[in-house]
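Thanks for making time this morning. I would like to walk you through one structure, and I will take it piece by piece.

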Amino acid sequence: MMRKMPLIKVKNGEKHYLKITHGQKRQHYILMTTFLLLVLTGFPLKFHYYGWAGSTIEFLGGLTVTRIIHRISGVIMVGLFFYHWYYLIKNVMNYYVTPARKTGTYSFKELMLFMYYSPMCPRKKDWDDIVDFVKFALFISDERPKHERFHWREKFDYWAVFWGIPVLGITGIFLWFPVWASSFMPGWAVNISYIAHSDEAMLAVSVIFIWHMYNAHVNYDKFPMSPLFITGYLPEDLMKHEYYVEWARINNVVEKDPSLMVDIDKQEENEKLSHEEKLKIVRDQMSFLRKNDRGEE
């Protein structure tokens, strides 16, 4: 992963630090798209007795089409959930288990430490960061918490999705196939599934549109939009301000291996052609074509 993507890119004289990879961005795009489609189709279905809901369903192509879009989006989101499990296991195998076994240094204790220090694992530091944040917000301390690659608010987002998708997926299947579901569980369980499905959806919408959007985009140091979900990189001032520990870690890695930093400004400068070089290419091309027209070699 680290060799495929530079940890630091220099663009317009400013350093940009890697925070999420191409693969993680693609997973985020799929999650974001399916979530928006589920909201767009799910809420009109739930609140069908309101005028706006009927208009939305009609705009989407009718009740049948709205249900199909909702179910397809749900299936893709659940599929992404299982893919993410595969992605996590693959990373554990590729970045610790296989190299450690090949080199004869594998230990179960170190494997547990590898997973404990993985970016999204909740740790004692997250609790310490929450305490430090409260002290900072209440003017008890002047020092902000120094975060790692993902801070506690982002981990809350991540784990909320992690347990939310199974709840929505399982209850969604029961609502999709109520006759089948009631063949092995009491009928009232289907009604409970409806309540759990719609309430979990309301909770997810509240968390994403208020908590996540504020922290990711509307916060005063990111407004109007963070470039992270598009580029995967954050500018140095924001990285140092909000993810100081990760900023220091990447600098330490790049200091040991400078090839992990790419200066795009220098690359573009080196790739630029002088006026003389441009004219030479054009004149050589015209000369070749003229000779070809005359049948000359």
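**Contacts, rings and surface**

Let me start with a contact between a charge and a ring: the charged end of Arg153 is placed over the ring of Phe133, at 5.6 Å from its centre. Please keep in mind throughout that what you see is a predicted model. A second contact of this kind involves Arg123, which lies over the face of Tyr116, 5.5 Å from the ring centre.

Staying with Arg153, its side chain also meets that of Glu242 in a salt bridge, with 3.5 Å from N to O. This pair links distant parts of the chain, since Arg153 belongs to helix H6 and Glu242 to helix H10, residues 236-242, with their positions 89 residues apart in sequence. Arg153 is buried, having a relative accessible area of 10%, and Glu242 also counts as buried, at 3% relative accessibility.

Helix H6 takes part in another bridge, in which Glu154 pairs with Lys19 and the closest N and O atoms are 3.0 Å apart. Glu154 lies in H6, residues 152-176, while Lys19 lies in the loop between strand S2 (14-18) and H1, so this salt bridge ties together parts that are 135 residues apart in sequence. Are these two partners buried or exposed? Glu154 is buried, with a relative accessible area of 17%, and Lys19 counts as buried at 0% relative accessibility.

For a contrast in setting, consider Asp284 and Lys280, whose side chains meet in a salt bridge at 2.9 Å, N to O. Both residues sit in helix H13 (residues 275-294), 4 residues apart, which is about one turn of the helix. Here Asp284 counts as partly exposed, at 42% relative accessibility, and Lys280 is exposed, with a relative accessible area of 53%. In total, the structure holds 9 salt bridges.

Turning to the aromatic residues, there are 25 aromatic pairs in the structure. One of them joins Tyr49 and Tyr50, whose ring centres are 4.9 Å apart and whose planes stand at 50°, so the pair is classed as tilted. Tyr49 counts as exposed, at 54% relative accessibility, whereas Tyr50, at 44%, counts as partly exposed. Elsewhere, ring pairs link Phe81, Phe82, Trp85, Tyr158, Trp159 and Phe162 into a cluster.

On the surface there is a nonpolar patch with about 1,000 Å² of accessible area together, formed by Tyr29, Met32, Leu36, Phe209, Ile210, Met213, Tyr214, Val218, Phe223, Met225 and Ile230. The elements that contribute two or more residues to this patch are helix H1 (22-46) and helix H8 (187-218). Which element gives the largest share of the patch? The answer is H8, with 5 residues. Ile230, another member of the patch, is found in helix H9, residues 228-231, and is partly exposed, with a relative accessible area of 45%.

Finally, let me step back to the whole protein, which has 13 helices and 4 strands. Its radius of gyration is 26 Å, well over the 19 Å that the globule rule gives for 297 residues, so the protein is more spread out than a compact globule. Taken along the principal axes, its C-alpha atoms fill a box of roughly 85 × 60 × 50 Å, and buried residues make up 33% of the 297 residues.

Notes:
Residues numbered from 1 in each chain as written. Predicted model: local features only at pLDDT ≥ 70, side-chain atom pairs only at ≥ 80, totals over all residues. Heavy atoms only, no water. Patch = residues over 30% accessible without salt bridge, like charges linked within 9 Å, V, L, I, M, F, W, Y side chains within 5 Å. Areas by Shrake-Rupley, 256 points an atom, 1.4 Å probe, with all protein chains shown as cover. Salt bridge = Lys/Arg side-chain N within 4 Å of Asp/Glu carboxyl O. Buried < 20%, exposed > 50% of the residue type's maximum accessible area, 1.4 Å probe, protein only. Phe/Tyr/Trp six-rings, centres within 6.5 Å; stacked < 30°, edge-to-face > 60°. Lys NZ or Arg CZ within 6 Å of the ring centre and 35° of its normal. Rg over C-alpha atoms; globule rule 2.2 N^0.38 Å.
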